[in-house]
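Thank you all for coming; I would like to walk you through a structure that will be new to most of you. Please have a look at the sequence and the model first, and then we will go through them together.

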Amino acid sequence: MLGTHFADLSQLIPKIFFLALAILLILEGLRLDKYLSNKFGLPLTFGGVSLMAVAIISFSAFYLQEPDENSSTSLGIHAQHIKLAQQAQTNSSSSLPNLPGLVGDRTRRYSVSVDHPQQISPNQEVELIFKVFDASSGKNVTIFQKPYEKTFHLIIVADSFEYFAHIHPEQSGTEFRISTTFPKNGAYHLYTDFQPLGAIDQQIASTLLVGSSNAAPTKLTPDKNLTKTFGNYKVRLETSGKFSAAAMSLGQQKITFALSDINNKPITDLDLYLGTFGHLVMINSETFDYIHVHPYSFTKIPVNAKGGPRVEFLPIGIYGPFKPGVYQAYAQFNHNGQILLATFTLNVGK
């Protein structure tokens, strides 16, 4: 299994080749200098080929030290995201920016199989087994990248939107396994999130029926009160006007959560959760489209850093424009080793 340090092989290979070529030229230059000195008695210690090699090495060193697209001196993360969203929505074949989860061939397609017992009952432990396949060849895919600290993310959302889980099946050979339980009868939507080596982040959904259910589709009503209490925490959803699918698709509208304790004291010591200070998933209540929203500031965060009281997210239509509708938003934060789940129902207009 490969980690994130293998995520940019396509960019490292030319640099490694260039460096190896420069070293080879230096060795050849020294050998030529020695030959000329022995053959003609010339006191050569630094001949023409050596000079050429030094020039190449100098350029190579500069090339290897240039800032990458994740550095603070390069094009801003959000400008790159917006460029990517524009590419996705115009079917542009331009290369993707160098961001976690987005480095790779965007044309590759995959399928996911889900193996589970034929009959599943509520509150019964069930093992789910996932396999990933290359859609063009049918071959089982076994090598993945890890852009968000886990190789395989599984989001489970009940058809009623009352249940949400974000868990991580572990890889065992050619498959991913995890045991879980489902609390009630009904349909559950499984969203798998993973990144095969050489491709961009993939998001593939399936549906699983637990027990039996004749329940009518759930109709969600957008929240009017945007400050809600979850256990010992208060979470306020801050907006800058009405949400627009068109604006969100192009990264023009943030979603901000402000966290405080039950006594309204701001939370300023959030811990990292999967490499950042928050995770946000949005599900369209009509189509069940899945949107994984990245934090607004997605630079590398030191392991011991603390966050809060505000955590900002930037929805962007990397895989295409968002659909208008009512969305259920599930935001997760890590405080004192506990994962806080905050849920809001949002209306996203055109």
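**Salt bridges, cores and a few local details**

Let me begin with Lys323, which counts as partly exposed at 40% relative accessibility, where partly exposed covers the range between buried, under 20% relative accessible area, and exposed, over 50%, computed with a 1.4 Å probe and with protein chains only. Before I go further, please keep in mind that this is a predicted model, in which local features need pLDDT of at least 70 and side-chain atom pairs count only at pLDDT 80 or more, while totals for chains, interfaces and linings use all residues. Residues are numbered from 1 along each chain as its sequence is written, and side-chain values use heavy atoms, with hydrogens and water left out.

What does Lys323 meet in a salt bridge? Its partner is Asp289, at 2.6 Å from N to O, and by salt bridge I mean a side-chain nitrogen of Lys or Arg within 4 Å of a carboxyl oxygen of Asp or Glu. Because Asp289 lies in the loop between β14 and β15 and Lys323 in the loop between β16 and β17, the pair ties together parts that are 34 residues apart in sequence; the helices and strands I name are DSSP runs, helices being H or I with at least four residues and strands being E with at least two, numbered from the N terminus. Asp289, for its part, is partly exposed at 24% relative accessibility.

How many salt bridges does the structure hold? There are 11, and as a general point, side chains of opposite charge can pair when their charged atoms come close. Another of these pairs is Glu238 with Arg310, whose closest N and O atoms are 3.1 Å apart. Glu238 lies in strand β11 and Arg310 in strand β16, so this pair ties together parts that are 72 residues apart in sequence. Glu238 counts as partly exposed at 22% relative accessibility, and Arg310 is also partly exposed, with a relative accessible area of 46%.

Next comes Lys306, which forms a salt bridge with Asp271, the closest N and O atoms being 2.3 Å apart. This pair links distant parts of the chain, with Lys306 in the loop between β15 and β16 and Asp271 in the loop between β13 and β14, 35 residues apart. Is Asp271 buried or exposed? Asp271 is buried, with a relative accessible area of 18%. Elsewhere, Glu127, Lys131, Glu175 and Arg177 are linked in a network of salt bridges.

Let me turn to the nonpolar side chains, which in soluble globular proteins tend to be buried together. The largest nonpolar core, meaning a set of buried Ala, Val, Leu, Ile, Met, Phe, Trp, Tyr and Cys residues joined through side-chain atoms within 4.5 Å, has 30 residues, and those with the most contacts inside it are Ile255, Phe257, Leu280, Met282 and Phe333. Among the elements that give two or more residues to this core are β11, α4, β13 and β17, and the largest share, 5 residues, comes from β18. A second, separate core of 24 residues includes Phe144, Ile156, Ala158 and Phe176.

If you now find Phe257, you will see that, not counting residues up to four places away in sequence, Phe257 touches a list of residues including Leu280, Pro309, Arg310 and Phe333, where contact means heavy atoms within 4.5 Å. So which kind of peptide bond runs from Gly308 to Pro309? That bond is cis, with omega near 0 degrees, and Pro309 is found in the loop between β15 and β16.

The loop between β13 and β14 also deserves a look, since Asn264 lies there with a phi near 70 degrees, a positive value in a residue other than glycine. Leu274 lies in the loop between β13 and β14 as well, and its phi, near 55 degrees, is again positive in a residue other than glycine. Leu274 is buried, with a relative accessible area of 11%.

Finally, please look at Ser206 in strand β9, residues 202–210, which counts as partly exposed at 26% relative accessibility. Leaving aside its neighbours within four places in sequence, Ser206 is in contact with Val114, Tyr188, His189 and Leu190.
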